[in-house]
Amino acid sequence: MKYSDLSVLRKKEKRLVIGLMSGTSGDGIDAVLTEISGYGMAINVKQLDFLFVPFERGVRERILRIAEGAFGGSTEICRMSNLLGSLYAEACLALCRHSNTDPGQIDLVGNHGQTVWHMPVDEEYLGHRITGTLQIGEDARIAEALGCPVIGDFRVRDMAAGGLGAPLVPYTEYLLYRRTDRTVALQNIGGIGNITILPKNCTLDQVTAFDTGPGNMVMDALALQLTGGTQSYDEGGRLAASGNISKTLLQHMLEEPYLKKRPPKTTGREYFGQRYVSELTAFAATQGISLLDCLATATRFTAECIAAGITDFSPQAPDILIVGGGGSRNPVLLQHLRDLLRPCQVMTNEDAGFDSDSKEAVAFAILANEALGGMTNNVPSVTGAAHPVVMGKLSL
């Protein structure tokens with residue numbers, strides 16, 4: 001390990017930092033190479049390269065089964081955590097080859113890990129009330145492969161301080177996207193949708209952020225079912241465009257209690273996963289609604305969730321909504337957002353000069369850099385934590 005004395009790394013003028021993200025959709029690993037200098041408000045981040053490494057079908061299917069919460073036990077989770085650690089390490093090495101970078105030059109890796117269970121609301125367990133979250137993917141395997149420090153497992157520290165452990169990206173969005181003249185909202189549409197609202201000229205404690213509800217998760221499950229397993233998502237929104245929105249089904253979906261719950265709030269596959277989709281399609285069948293129309297309606301529902309979140313919980317109406325994540329490539333979904341949010345300007349990260357694919361991976365490179373520097377890197381006004389904390393566990 002080249003940085004047995006971390007003070008040397010902390011003082012480097014520029015650090016090469018890899019950020020890793022694998023989201024609730026379980027499709028693969030986003031790996032980004034960044035050059036970072038400074039900390040906090042003085043940070044400067046430059047993206048050097050990006051690579052997406054898809055999971056093999058069998059790996060993805062097993063991740064999604066584990067994430068439903070009813071499959072596997074300690075043996076299964078141990079196996080998957082170590083497999084993922086090795087796959088993350090391979091993704092880092094592949095990124096180095098892709099960018100023509102010597103792995104020995106990498107200073108730090110920030111790894112989100114794979115969420116397999118998230119329990120933000122306290123539950124009774126053995127006579128106690130607990131919250132918790134579980135991200136797996138062994139960081140030590142990355143550290144061994146690259147010979148540099150790895151910081152991961154960020155969410156648990158915020159939860160220990162009474163927070164929801166999510167969303168975490170608003171801290172980095174505040175550093176990179178805030179403006180003095182306009183209110184900016186940033187909507188990520190991955191498996192789950194999450195929004196950050198940056199009022200013009202805001203301070204960090206004025207940031208609002210929360211999960212809006214399902215992003216691509218329900219749409220992906222319906223596309224997989226509709227195509228007999230040949231399509232894991234609705235590419236280009238073409239399936240949704242060929243269906244019709246059912247007013248009956250949409251009204252049923254809009255009665256979802258999560259939409260009215262006040263922030264701080266977060267959700268995930270444990271809420272909008274396969275059980276939700278099964279109940280949704282069962283209701284649709286009783287109303288004579290086709291699976292294709294289910295998908296068209298679910299696409300509209302994702303946009304309605306976002307619009308409801310902005311209408312009900314944004315401290316200021318945003319001037320701009322910047323959309324990232326896989327959902328930003330669904331023109332049907334984007335048009336629904338434009339229709340619902342006029343006169344707000346709806347654009348993608350690419351329109352704003354950023355990269356939708358790498359955005360969350362960049363966030364975890366930044367969060368790792370901040371942890372390295374001893375900087376608090378959660379947003380208590382967003383997560384509900386009692387105070388700021390330094391999130392991230394270190395593997396040397």
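Is aspartate 357 buried, partly exposed or exposed? Aspartate 357 is partly exposed, because its relative accessible area is 33%. The model behind this value is a predicted one. Start from this residue and follow its contacts.

Aspartate 357 has a partner of opposite charge. Arginine 329 joins aspartate 357 in a salt bridge, with 2.7 Å between the closest N and O atoms. This contact links distant parts of the chain, 28 residues apart. Arginine 329 sits in the loop between β11 (320–324) and α13 (331–341). Aspartate 357 sits in the loop between β12 (345–348) and α14. Arginine 329 counts as partly exposed too, because its relative accessibility is 43%.

That bridge belongs to a set. The structure holds 13 salt bridges in total. Another one of them brings together the side chains of arginine 62 and glutamate 76, at 2.9 Å from N to O. Here two helices take part. Arginine 62 belongs to helix α2 (residues 57–67) and glutamate 76 to helix α3 (residues 74–98), so the bridge ties together parts 14 residues apart in sequence. How does each end stand towards the surface? Arginine 62 is partly exposed, at 34% relative accessibility. Glutamate 76 has a relative accessible area of 13%, so it is buried; the cut-off for buried is under 20%.

A further bridge runs between glutamate 235 and arginine 238. Their closest N and O atoms are 3.8 Å apart. Glutamate 235 counts as partly exposed, with 42% relative accessibility. Arginine 238 reaches 55%, so it counts as exposed; exposed means over 50%.

Now turn to the rings. The structure holds seven aromatic pairs. One of them is formed by phenylalanine 154 and phenylalanine 364. Their centres lie 5.4 Å apart, the planes meet at 55 degrees, and the pair is tilted. The two rings come from distant parts of the chain, 210 residues apart. Phenylalanine 154 is in the loop between β7 (150–152) and α5 (155–160). Phenylalanine 364 is in helix α14 (residues 359–372). Are these two rings buried or exposed? Phenylalanine 154 counts as buried because its relative accessibility is 2%. Phenylalanine 364 is buried as well, with a relative accessible area of 1%.

A second pair joins tyrosine 258 and tyrosine 271. Their ring centres are 6.5 Å apart and their planes stand at 45 degrees, so this pair is tilted. It also links distant parts of the chain, 13 residues apart. Tyrosine 258 lies in the loop between α9 (247–254) and α10 (269–272), while tyrosine 271 lies in helix α10. Tyrosine 258 is buried, with a relative accessible area of 6%. Tyrosine 271 is partly exposed, with a relative accessible area of 40%.

These two tyrosines have further ring neighbours. Ring pairs link Tyr258, Tyr271, Phe272 and Tyr276 into a cluster. Tyrosine 258 also meets a charge. The charged end of lysine 265 sits over the ring of tyrosine 258, at 4.4 Å from the ring centre. So which contacts does tyrosine 258 have here? They include the ring of tyrosine 271 and the charged end of lysine 265.

One more contact between a charge and a ring closes the tour. Arginine 178 lies over the face of tyrosine 174, 5.2 Å from the ring centre.

Technical notes:
Residues numbered from 1 in each chain as written. Predicted model: local features only at pLDDT ≥ 70, side-chain atom pairs only at ≥ 80, totals over all residues. Heavy atoms only, no water. Phe/Tyr/Trp six-rings, centres within 6.5 Å; stacked < 30°, edge-to-face > 60°. Helix = DSSP H or I, 4+ residues; strand = E, 2+ residues; numbered from the N terminus. Buried < 20%, exposed > 50% of the residue type's maximum accessible area, 1.4 Å probe, protein only. Lys NZ or Arg CZ within 6 Å of the ring centre and 35° of its normal. Salt bridge = Lys/Arg side-chain N within 4 Å of Asp/Glu carboxyl O.
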